[in-house]
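Colleague: I have a two-chain model open and would like a close look at one small part of it. Could you start there and then walk me out to the rest?

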Amino acid sequence: MGIQPSTDLLLEGVPVAAERRSFRILKTHAPIFSGTVLLIFVLAGIFGPLVAPHDPVRIDLQHNLQPPLLFGGNWTYPLGTDSLGRDVLSRMLGGARVSFLVAFTVVFISGSIGLLVAVVSGYVGGVVDAVLMRLTDATLAFPLILLAIVLASIFGASTKNVIIILAAGGWASYARVIRSEVLSLKNHEFVSMSIVMGGGRVWIIGRHIIPNVLSSLVVLATLQVGAAILSEGSLSFLGIGVPPPNPSWGGMLANGSDYLTVAWWLAVFPGVALSLTVLASNLMGDWLRSHSDPTGMR
Amino acid sequence: MYRYTLQRLLQALIVVMVAVTVVFVMARLSGNPALLLAPSEASQADLAAISKSLGLDEPLYVQYITFLSKIIRGDFGQSFTFRAPVSGLIMQALPYSFELGATSFIFASVAGLALGTTAALNSGTWIDSVARYVALIGQSVPVFWLGILLVLVFAAKLRLLPAFGSGTPDHLILPTIALGLRPLASIARLTRSATLEVLRAEHTLFERSKGVSQVVLLSHIFRNVSLPVITLSGIQLGDLLAGSVVIETLFGWPGLGLLAIQAVGLRDYAVIQAVVTVDTVIVVLLNLLVDLSYGFLDPRVRRQ
């Protein structure tokens, strides 16, 4: 479960410069491709359920396991129906909303916590820094799937639990990466100048530190959107995420895996949506990272 | 080096303690821990017996110490749904998880190293592009969807390999590939960039000008590449564990992950707390091993 945005960012000092050479087509078109996919995802998340042709949870056993449009199906169910006769397209749009909601809430919460920890840790230093960084390391080392299993076994599966778990683990990589930037920023001359001119801590952090770490924050957040969607999908697939009958891509795949021999479409469409969204978020994050700051990062 | 080892040991211990404490606290937060552990048809007398064995009438800190001392002795109590001692269930499942974990890790590192070095040695050619696409896809496709696709193609359509269960070596093939592809992708990516870096280094240029054979050159590259790759495997252990829960569930592989998910469905908290404890210990130990291996692999670390 890739709850941490990207393992790459944690490997400081590991050579990655050579990464950028080939892949020219995908690299130059990365923002167009991933931007389009992410835009579709966001639109589907916001408006999807409003334009969905059917109720995603309505059971209609007379029309179960209908094939998709181009494989013998009809326009009523463009992507077919599942074993209970629920419309796959409508459920995918509903799943987009769930993933969208989870991803953006998680990114917002863990980004805020991570930024706070990073700024406090990096700027204050000393014992506070040591304690916070040990806590960060421990969080990074702790397998969150186990927390998910414990929560689900006691309180049952719920979307709220998914958000809690992903946010509880997601803040640590923000804290790690941004702290090291704060450390180098606070020794810059413009910070010393500001101190000389009588700038207080809060002023310096708000005026000089935070604006300078924003680009890293955006990169990490973009990567985390994909990671959170992936984790939500895994948890829902295991039955400890978004509880049925609510539509979710992971849950649809779990259901579809029982009907592989008779209804391949149940296991293919949600997987394509999931993979494309994650791929787009990864590519966009990488692209932003290499374009956001011409002097820093790498 | 001693200081470093001690520091890491302490940190490992803290993570395990935190996990065990979370398990303990969560059960108490739920209201009555005896209800979590008891079978649904338990009588008042059963509940009273369970409460007594947990020491629920004692103060909380006494309960905590009782809980810890039992865990240290490997006593995880009785599972009512599986009708067996929990430690027995764990010992039954553990070898399966180790087997799948080991085959996936070997598959991922061998194939990842091979792919990464081949790509770097042929950088800029189509081989390089193929390798990079494999890496990109491997990092974006969810583990469980990959597993489903493998089942769809190799089990449902071609009927070449079994889709479910365990027993023969054939049963290992699909889960190994599904679980290994993600680490394979990151190992390949990292190996490629690390190898390119080494290829450009002065000592490599010197060796080449001396006329050192390709084999010797490769062995030097591997030594230099091993450190970042091992760091990566350490970071990815949590990922691998999560993946193994998913893959074991999908393929019906009777390891710890499947046991945990079955236990969630049956609301068998005795099994859950045991799996969580054992899994945390395993991950933390492996992480510790990774951290300490730097000293052996890189003399520069030892001197610090």
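How many C-beta neighbours does Arg267(B) have inside 10 Å, and what does that make Arg267(B) count as: buried, partly exposed or exposed?

Modeller: Happy to, and keep in mind throughout that this is a predicted model. Arg267(B) has 19 C-beta neighbours inside 10 Å, so it counts as partly exposed. A residue needs 20 or more to be buried and 12 or fewer to be exposed, which is why 19 puts Arg267(B) in between. You will find Arg267(B) in the loop that leads from helix H11 (256–266) to H12 of chain B. Its backbone is worth a look too: phi is near 55 degrees, a positive value in a residue that isn't glycine.

Let's follow the chain from that loop into H12(B), which covers residues 269–297 and holds Phe296(B). Put a distance between the C-alpha atoms of Tyr269(B) and Phe296(B) and you get 41 Å, for two residues 27 apart along the chain. Phe296(B) has 9 C-beta neighbours inside 10 Å and therefore counts as exposed.

Back to backbone angles, since Arg267(B) has some company. Arg83(B) also takes a positive phi, about 50 degrees, without being a glycine. Look for Arg83(B) in the loop between strand S1 (78–79) and strand S2 (84–85) of chain B. With 8 other C-beta atoms within 10 Å, Arg83(B) is exposed. Gly74(B) has a positive phi as well, about 80 degrees, and sits just after H4(B). That helix runs from residue 60 to 72, and its 13 residues reach 18 Å from first C-alpha to last, close to the 18 Å expected.

For a contrast with those loops, go to Asp239(B) in helix H10 (residues 214–251) of chain B. Asp239(B) counts as buried because it has 20 C-beta neighbours inside 10 Å. Pro183(B) is 56 residues away along the chain, but the C-alpha atoms of Pro183(B) and Asp239(B) are separated by 8.7 Å.

Now for a pair of helices in chain B: H6(B), residues 126–140, and H8(B), residues 170–200, have axes that come within 8 Å and cross at roughly 135 degrees. The two helices are therefore oblique to each other, and the crossing is left-handed. If you want to colour the contact, H6(B) brings Ala131(B), Val134(B), Ala135(B), Gly138(B) and Gln139(B). Across from them, H8(B) offers residues including Leu181(B), Leu184(B), Ala185(B), Ala188(B) and Arg192(B). By class, the residues of this contact split into seven nonpolar, three polar and three charged. In general, an α-helix has 3.6 residues a turn, so residues three or four places apart point the same way.

Zoom out to the whole of chain B and you have 13 helices and two strands. Its C-alpha trace spans about 80 × 55 × 30 Å along the principal axes. Of the 304 residues of chain B, 41% count as buried. As for how the chain folds back on itself, 70% of the contacts in chain B with a separation of 6 or more are between residues 24 or more positions apart.

What about the partner? Chain A has nine helices and zero strands. Of its 298 residues, 51% count as buried. Taking contacts in chain A between residues at least 6 apart in sequence, 73% join residues at least 24 apart. One backbone oddity to check there is the cis peptide bond joining Pro244(A) and Pro245(A), with omega about 5 degrees. Pro245(A) is in the loop between H7 and helix H8 (249–256) of chain A.

Last stop, the place where the chains meet: 44 residues of chain A are in contact with 57 residues of chain B. On the side of chain A that touches chain B, helix H3 (126–141), helix H4 (144–155), helix H7 (201–238) and helix H9 (265–292) each supply at least two residues. H4(A) gives the most, with eight residues. Sorted by class, that side of chain A has 30 nonpolar, 11 polar and three charged residues.

Technical notes: Residues are numbered from 1 along each chain as its sequence is written. Chains are lettered from A and ligands numbered from 1 in the order in which they are written. This is a predicted model: local features need pLDDT of at least 70, side-chain atom pairs count only at pLDDT 80 or more; totals for chains, interfaces and linings use all residues. Helices (H or I, at least four residues) and strands (E, at least two) are DSSP runs, numbered from the N terminus. The expected span of a helix is 1.5 Å times one less than its number of residues. Two residues are in contact if their C-beta atoms, placed from the backbone, lie within 7 Å. Ala, Val, Leu, Ile, Met, Phe, Trp, Tyr, Cys and Pro count as nonpolar, Asp, Glu, Lys and Arg as charged, and the others, Gly among them, as polar. Axes are lines fitted to C-alpha atoms, for helices over the stretch in contact, and angles run from 0 to 180 degrees between N-to-C directions. Angles under 35 degrees count as roughly parallel, over 145 as roughly antiparallel, 65 to 115 as roughly perpendicular and the rest as oblique. A crossing is left-handed if the near helix is turned anticlockwise from the far one by less than a right angle, and right-handed if clockwise.
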